[in-house]
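Colleague: I have just opened this entry and would like to learn how its descriptions are justified. Could you take me through the reasoning behind the terms?

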Amino acid sequence: MKSSPENPFGLKELAIGESYVIGPELCTYWKKEYLRRGNSILASYSMASCYASLGNQRLASLEEIKKINAETDFRLTIGKRFMRCNYGLMKKTFNETLRQLSNQAFLMVYGNLEAYLIDVVYEAFVNQGSADPSQDAVNIMSRTKWVGKIDSICQRFSLDLGKRQFANSFRNIKMEFLGESFSEPLPFLQNIAEIRHLLVHSSGRIGDRLIQRYPEAGFTKDTVIAIPFEFPFDLHLFLTVFSDVFDKSFSDKFNWPRSIVQPEQLVEICPCHKA
């Protein structure tokens, strides 16, 4: 894997000085599915965010020329259903949209890694003749800490997934989250998992413990966490490198074939239903 300050993930450049995408990847079937799901999540996230931003800009321009005010009646039609409210409520809704979208995209990108690992752990149990591979996979992945999950996987399948394997893959990769820098990928991922837990189980409400844990994040007590807009993309890149450590290890252990795929071609977005 290439590594440089400008392009530490060794990504494919779309055009000189432009955006990067993940380059050709060696993948088992399950990693290919992981990449397809991740790309689809981020493509849908980008499209929905774009429409939300354009809608917000359009409303702001109408407000600026005084064509609408807080009491102006609005009707939004979505398929066969509609929402009716005044502009004041509509404006508040649009202002919340991007935060809600980034939080949900964050949860989905993180969950995509867990789905990938459950898939490969399940298949490994099938290979070993487990009587209940689904439950065995869930038992491993339900462990609280990532160190515990990985230790259980290593012990159960005799895999070598120590610090050295992760360190080699993440050499020169800058890892930052909520104002804190990390030198190793597992603590970085564990911190992401804790924020995911807060969003799912505590409505994302910020308390004293989180403020003390991340003093550089600028949190305000009793407000809701807002994941930075760009972070789901950064997280997908990080988790793709992370998944490859597992993919290679499981492939070597169980002789699962891996082939080169072009990740930018792996996307599947369901077509919109006609009204």
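Colleague: To begin with, what share of the 275 residues of the protein count as buried?

Modeller: Of the 275 residues, 40% count as buried. Please keep in mind that this is a predicted model. A residue is called buried when its relative accessible area is under 20%.

Colleague: And how many helices and strands does the protein have?

Modeller: There are 8 helices and 8 strands in the protein. Looking at contacts between residues at least 6 apart in sequence, 66% join residues at least 24 apart.

Colleague: Let us take a pair of helices. What makes helix 1 roughly antiparallel to helix 8?

Modeller: Helix 1, residues 29-64, packs against helix 8 at an angle of about 175°. Angles over 145 degrees count as roughly antiparallel, so helix 1 is roughly antiparallel to helix 8. Their axes are 11 Å apart.

Colleague: Which residues make that contact, and how do they divide by class?

Modeller: On the helix 1 side they are K31, Y34, L35, G38, N39, L42, Y45 and S46, and helix 8 brings P232, F233, H236, L239, T240, S243, D244 and D247. By class, the contact of helix 1 with helix 8 has 7 nonpolar, 6 polar and 3 charged residues.

Colleague: Now helix 6 and helix 8. Why is helix 6 called oblique to helix 8?

Modeller: Helix 6 (residues 185-201) and helix 8 (residues 231-254) pack at about 135°, and their axes lie 12 Å apart. Roughly antiparallel would need an angle over 145 degrees, and roughly perpendicular runs from 65 to 115. The angle of about 135° fits neither, and therefore helix 6 is oblique to helix 8. The crossing of helix 6 past helix 8 is left-handed.

Colleague: Which residues make this contact, and which classes do they belong to?

Modeller: From helix 6 come P185, L186, F188, L189 and I192, while helix 8 contributes F231, L235, F238, L239 and F242. The contact of helix 6 with helix 8 has 10 nonpolar residues, with no polar and no charged ones.

Colleague: Then how do you know that helix 4 is oblique to helix 6?

Modeller: Helix 4 and helix 6 pack at about 120°, with 9 Å between their axes. That angle is outside the 65 to 115 degrees of roughly perpendicular and is not over 145, so helix 4 is oblique to helix 6. W146, V147 and I150 of helix 4 meet L186, L189, Q190 and A193 of helix 6. The contact of helix 4 with helix 6 divides into 6 nonpolar, 1 polar and no charged residues.

Colleague: Turning to single residues, what makes I195 count as buried?

Modeller: I195, in helix 6, has a relative accessibility of 1%. The cut-off is under 20%, so I195 counts as buried. Beyond its neighbours within four places in sequence, I195 is in contact with F106, F177, L178, L210, Y214, I225 and I227. Although I195 and I225 are 30 residues apart along the chain, their C-alpha atoms are separated by 8.8 Å.

Colleague: And why does F231 count as buried?

Modeller: F231, placed in helix 8, is at 9% relative accessibility, which is why F231 counts as buried. Not counting residues up to four places away in sequence, F231 touches F106, E176, F177, F188 and I192. The C-alpha atoms of F231 and F177 are separated by 8.9 Å, with their positions 54 residues apart along the chain.

Colleague: What about S158 and L178: which is buried and which is exposed?

Modeller: S158 has a relative accessible area of 56%, so S158 is exposed, the cut-off being over 50%. L178, at 18%, counts as buried. S158 is in the loop between helix 4 and helix 5, and L178 is in the loop between strand 6 and strand 7. S158 has a positive phi of about 55° although it is not a glycine, and L178 likewise has a positive phi of about 55° without being a glycine.

Colleague: Finally, how many disulfides are found?

Modeller: A search of the whole structure finds 0 disulfides. As for cysteines, C85 counts as buried at 8% relative accessibility, and C154 is buried at 14%.

Methods:
Residues numbered from 1 in each chain as written. Predicted model: local features only at pLDDT ≥ 70, side-chain atom pairs only at ≥ 80, totals over all residues. Heavy atoms only, no water. Axes fitted to C-alpha atoms, helices over the stretch in contact; angles between N-to-C directions. Helix = DSSP H or I, 4+ residues; strand = E, 2+ residues; numbered from the N terminus. Parallel < 35°, antiparallel > 145°, perpendicular 65-115°, else oblique. Left-handed = near helix turned anticlockwise from the far one by under 90°. Contact = heavy atoms within 4.5 Å. Nonpolar A, V, L, I, M, F, W, Y, C, P; charged D, E, K, R; others polar. Buried < 20%, exposed > 50% of the residue type's maximum accessible area, 1.4 Å probe, protein only. Disulfide = S-S within 2.5 Å.
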